[in-house]
Amino acid sequence: MASTKESDNASDTPSSPKNVYKDPDDGRQRFLLELEFVQCLANPTYIHYLAQNRYFEDEAFIGYLKYLQYWQRPEYIKFIMYPHCLYFLELLQNSNFRNAMAHPANKEVAHRQQFFFWKNYRNNRLKFILPKPPPEEVPTPAPLPPASAPPQQSLPASNIAMTTAPPAPASTHSPMPYGLPSGSALAKNDMRNSGIDRRKRKHERSLN
């Protein structure tokens with residue numbers, strides 16, 4: 001009786017550890033396949049393809065998406081090259097998002113928003129990381145000196161004598177007597193002098 005009970009208990013126990021599946025390469029191939037699939041979720045077009053082919057209607061596939069959330073842990077996240085895949089993996093846990101990605105318009109909206117994020121992420125991030133430089137002080141311009149006339153160079157005395165003309169006389173007479181008009185004072189003086197000379201000559205003749 002004891003032997004039969006032991007045989008029944010052995011049949012009720014689960015299978016021995018020898019029958020547990022073990023990856024031949026210690027899970028390396030599985031790790032690479034799951035890493036590749038998770039990173040494919042960073043592409044909205046690929047998510048749209050899965051929705052169009054009704055993968056999101058399969059409960060087993062939905063469970064697989066929940067299982068893949070272990071990639072968000074620190075020991076696995078360091079292998080992710082496209083971090084947007086983890087964001088979309090989180091959104092795929094929502095049935096409304098899975099149904100919305102079946103429409104091409106929603107796929108284009110997601111792709112456009114992703115593009116704008118890539119375009120502006122670096123600049124927006126640097127605004128909060130880099131310290132703001134202090135405002136530059138604008139140098140005040142120095143006051144200009146008052147405009148002064150250029151210094152006049154003193155000329156030597158010889159140059160001054162050559163360059164300055166003598167003052168003009170108030171009235172000048174022409175040295176040419178024949179240019180005088182008739183009846184002038186100079187002509188009358190000449191006539192008087194000639195009469196005096198004649199008298200002197202007569203007086204000298206009478207003495208002789």
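These legends go with a set of close-up views of one predicted model.

Residues are numbered from 1 along each chain as its sequence is written, and side-chain values use heavy atoms, with hydrogens and water left out. Because the model is predicted, local features need pLDDT of at least 70 and side-chain atom pairs count only at pLDDT 80 or more, while totals for chains, interfaces and linings use all residues.

**View 1. The whole chain is built from 10 helices and 0 strands.** Going from the N terminus, the elements read α-α-α-α-α-α-α-α-α-α. Helices (H or I, at least four residues) and strands (E, at least two) are DSSP runs, numbered from the N terminus. Out of 208 residues, 17% count as buried; buried means under 20% relative accessible area, exposed over 50%, and partly exposed in between, with a 1.4 Å probe and protein chains only. Take the contacts with a separation of 6 or more, and 69% of them come from residues 24 or more positions apart. A contact here means heavy atoms within 4.5 Å.

**View 2. Helix α2 and what covers it.** This helix takes in residues 28-40. With 13 residues, α2 reaches 19 Å from its first C-alpha to its last, close to the 18 Å expected at 1.5 Å a residue. That expected span is 1.5 Å times one less than the number of residues. Glu34, Leu35, Phe37, Val38 and Gln39 are the buried residues to look for in α2. Their cover includes α3 (44-52), α4 and α6 (84-91).

**View 3. A salt bridge along α2 links Glu34 and Arg30.** Zoom in on the two side chains and you find N and O 3.3 Å apart. A salt bridge is a side-chain nitrogen of Lys or Arg within 4 Å of a carboxyl oxygen of Asp or Glu. Both partners sit in helix α2, 4 residues apart, about one turn of the helix. As a reminder, an α-helix has 3.6 residues a turn, so residues three or four places apart point the same way. The two ends of the bridge have their own settings: Glu34 counts as buried at 7% relative accessibility, whereas Arg30 counts as partly exposed at 44%.

**View 4. Phe37 meets Phe61 edge-to-face.** The structure has 15 aromatic pairs by the rule used here, and this view picks out the pair of Phe37 and Phe61. The ring centres are 6.1 Å apart and the planes stand at 90°, so the pair is edge-to-face. Phe37 belongs to helix α2 and Phe61 to helix α4 (residues 59-67), so the pair ties together parts that are 24 residues apart in sequence. Both Phe37 and Phe61 are buried. For the rule itself, rings of Phe, Tyr and Trp (its six-membered ring) pair if their centres lie within 6.5 Å; planes under 30 degrees apart count as stacked, over 60 as edge-to-face and the rest as tilted.

**View 5. Cys40 and Cys85 do not form a disulfide.** The cysteine sulfur closest to that of Cys40 is in Cys85, 9.2 Å away, too far for a bond. A disulfide needs a pair of cysteine sulfur atoms within 2.5 Å, and the structure holds 0 of them. Cys40 is partly exposed, with a relative accessible area of 30%, while Cys85 is buried at 0%.

**View 6. Lys107 and Glu108 pair up through their side chains.** Lys107 sits in helix α8 (residues 104-129). The salt bridge to Glu108 has N and O 2.9 Å apart, and the two side chains are also joined by a polar contact of 2.9 Å. A polar contact is a pair of N or O atoms within 3.5 Å; within protein, one must be able to donate a hydrogen and the other to accept it, and residues adjacent in sequence count only if both atoms are side-chain atoms. Lys107 is buried, with a relative accessible area of 14%, but Glu108 counts as partly exposed at 37%. Setting aside neighbours within four places in sequence, Lys107 touches Pro44, Thr45, His48 and Met101.

**View 7. Gln114 is another buried residue of helix α8.** The relative accessible area of Gln114 is 5%. Leaving out neighbours within four places in sequence, Gln114 is in contact with Ala42, Pro44, His84 and Phe88.

**View 8. Glu75 and Arg73 form a salt bridge.** Their closest N and O atoms are 3.8 Å apart. Glu75 is partly exposed, with a relative accessible area of 41%, and Arg73 is partly exposed with a value of 41%. A search of the whole structure finds 3 salt bridges.
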